[in-house]
Amino acid sequence: MTTVNVSVLLLTISSPDESSLKYEVEFLLFQRWVDERLRFDDDGNHTYLNALMYRHQLWMPDTYFILHGEFKELKGPVDPVHMALKIFANGTVMYITRY
Ligand SMILES: *[C@@H]1O[C@H](CO)[C@@H](O)[C@H](O)[C@H]1NC(C)=O
Ligand SMILES: *[C@@H]1O[C@H](CO)[C@@H](O)[C@H](O)[C@H]1NC(C)=O
């Protein structure tokens, strides 16, 4: 079992139409987990590796949100902006996306 630590940083919240209850939000999603297979030892030359380009080859959590009782897949119509994917020497992976 892998535990994924998740935190959200709300950047903006706005209402495009004041007569409705719809809101647009922009936020950063931080996810952190440990994948022991990705440990590396390069004598401390690199604190972490930038692995954003290789994210399709790594195990990634399948994160989704439940909003108003409905499933809203983050991978669906709302494509996230992939900000950073860092692999630390001890196998800790940090993944930041913006929605
Ligand atoms: C996740 O959070 C828990 C509790 O704060 C902590 O013990 C654990 O080390 C964290 N895991 C990662 C991968 O950051
Ligand atoms: C792994 O390395 C990261 C970055 O140096 C650090 O924040 C984290 O606490 C380390 N985790 C463990 C379990 O040592």
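Trainee: How many Å² does the protein expose, and what share do carbon and sulfur atoms supply?
Mentor: Good place to start! This is a predicted model, in which local features need pLDDT of at least 70, side-chain atom pairs count only at pLDDT 80 or more, and totals for chains, interfaces and linings use all residues. Residues are numbered from 1 along each chain as written, chains are lettered from A and ligands numbered from 1 in written order, and side-chain values use heavy atoms, without hydrogens and water. By the Shrake-Rupley method with a 1.4 Å probe, the protein exposes about 7500 Å², and the carbon and sulfur share is 54%.

Trainee: Which strand gives the largest share of the shell around ligand 1?
Mentor: Ligand 1 has N5, R32, W33 and V34 around it (a heavy atom within 4 Å). On its own, ligand 1 exposes 360 Å², of which the protein buries 38%. Three residues of that shell come from one strand (a DSSP run of E, at least two residues). That is strand 2, residues 24–34.

Trainee: Which side chain has an N or O atom 2.4 Å from an oxygen atom of ligand 2?
Mentor: Look at the surroundings of ligand 2, made up of R32, F88, N90 and T92. The protein covers 35% of the 360 Å² that ligand 2 has accessible on its own. The side chain at 2.4 Å from the ligand 2 oxygen belongs to N90.

Trainee: What percentage of the protein's residues count as buried?
Mentor: Buried means under 20% relative accessible area, with a 1.4 Å probe and protein chains only. Of the 99 residues, the buried share is 25%.

Conventions
Buried < 20%, exposed > 50% of the residue type's maximum accessible area, 1.4 Å probe, protein only. Polar contact = N/O pair within 3.5 Å; in protein donor to acceptor, adjacent residues only side chain to side chain. Helix = DSSP H or I, 4+ residues; strand = E, 2+ residues; numbered from the N terminus.
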